[in-house]
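This report covers contacts, exposure, charge and secondary structure, in that order.

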Amino acid sequence: MENEFNQSGTEQEIQSLREKISDLRKEAAKYRVNAKNFSAEKQTAQDELNTVKNELSVLKKENIFIKRQMLLDKSGCIKSDLVANIIPDDCEDVQLWIDEYKRDNGILFKDYSENHGGDFKPSNINNLSPSELMNTFIRQAAGR
């Protein structure tokens with residue numbers, strides 16, 4: 001009878017261990033599913049991060065290009081959009097590069113003329129428009 005009790009006690013322990021193993025397998029399956037979902041989410045986040053990095057890189061290049069184009073415009077460059085493309089990417093002093101380029105390629109830069117403002121007409125010069133010239137001619141012909 002003691003043997004039967006030991007065997008049934010052992011069987012109960014075995015059954016209890018089997019239930020624990022089953023529970024542990026279920027819990028491990030949950031963790032595997034969570035790990036797989038986390039891995040997929042991590043990959044999605046990494047892809048989005050790479051996309052944002054690429055867009056930021058493009059925006060930085062555009063910003064540098066626009067700044068260089070503005071410096072060229074201030075220097076009087078006629079074709080600043082084309083000249084901005086040939087400025088080296090590793091150029092540290094862009095203004096110095098522009099000044100040197102301007103010396104070598106003066107034709108691409110316009111000279112600034114000082115405008116003293118308005119439609120200044122010296123008193124001894126007769127700057128008449130075609131209609132004013134015609135009116136003057138008619139008045140002279142009519143004797144007025």
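Apart from neighbours within four places in sequence, L128 is in contact with L133 and T136, where contact means heavy atoms within 4.5 Å. The model is predicted: local features need pLDDT of at least 70, side-chain atom pairs count only at pLDDT 80 or more, and totals for chains, interfaces and linings use all residues. Residues are numbered from 1 along each chain as its sequence is written, and side-chain values use heavy atoms, with hydrogens and water left out.

The table sets L128 beside E92. Buried means under 20% relative accessible area, exposed over 50%, and partly exposed in between (1.4 Å probe, protein chains only).

| Residue | Loop | Relative accessible area |
|---|---|---|
| L128 | between α3 and α4 (130-142) | 31%, partly exposed |
| E92 | between α2 (80-83) and α3 (94-104) | 81%, exposed |

E92 also belongs to a surface patch of negative charge, together with D89, D90, D93, D99, E100 and D104. Such a patch is made of residues with over 30% relative accessible area and no salt bridge, like charges being joined within 9 Å. A salt bridge is a side-chain nitrogen of Lys or Arg within 4 Å of a carboxyl oxygen of Asp or Glu.

The protein has four helices and zero strands, in the pattern α-α-α-α along the sequence. Helices (H or I, at least four residues) and strands (E, at least two) are DSSP runs numbered from the N terminus. Of the 144 residues, 10% are buried. Among contacts with a separation of 6 or more, 42% are between residues 24 or more positions apart.

Note on methods:
Patch = residues over 30% accessible without salt bridge, like charges linked within 9 Å, V, L, I, M, F, W, Y side chains within 5 Å. Areas by Shrake-Rupley, 256 points an atom, 1.4 Å probe, with all protein chains shown as cover. Lys, Arg positive; Asp, Glu negative; His and termini not counted. Charge placed at Lys NZ, Arg CZ, Asp CG, Glu CD.
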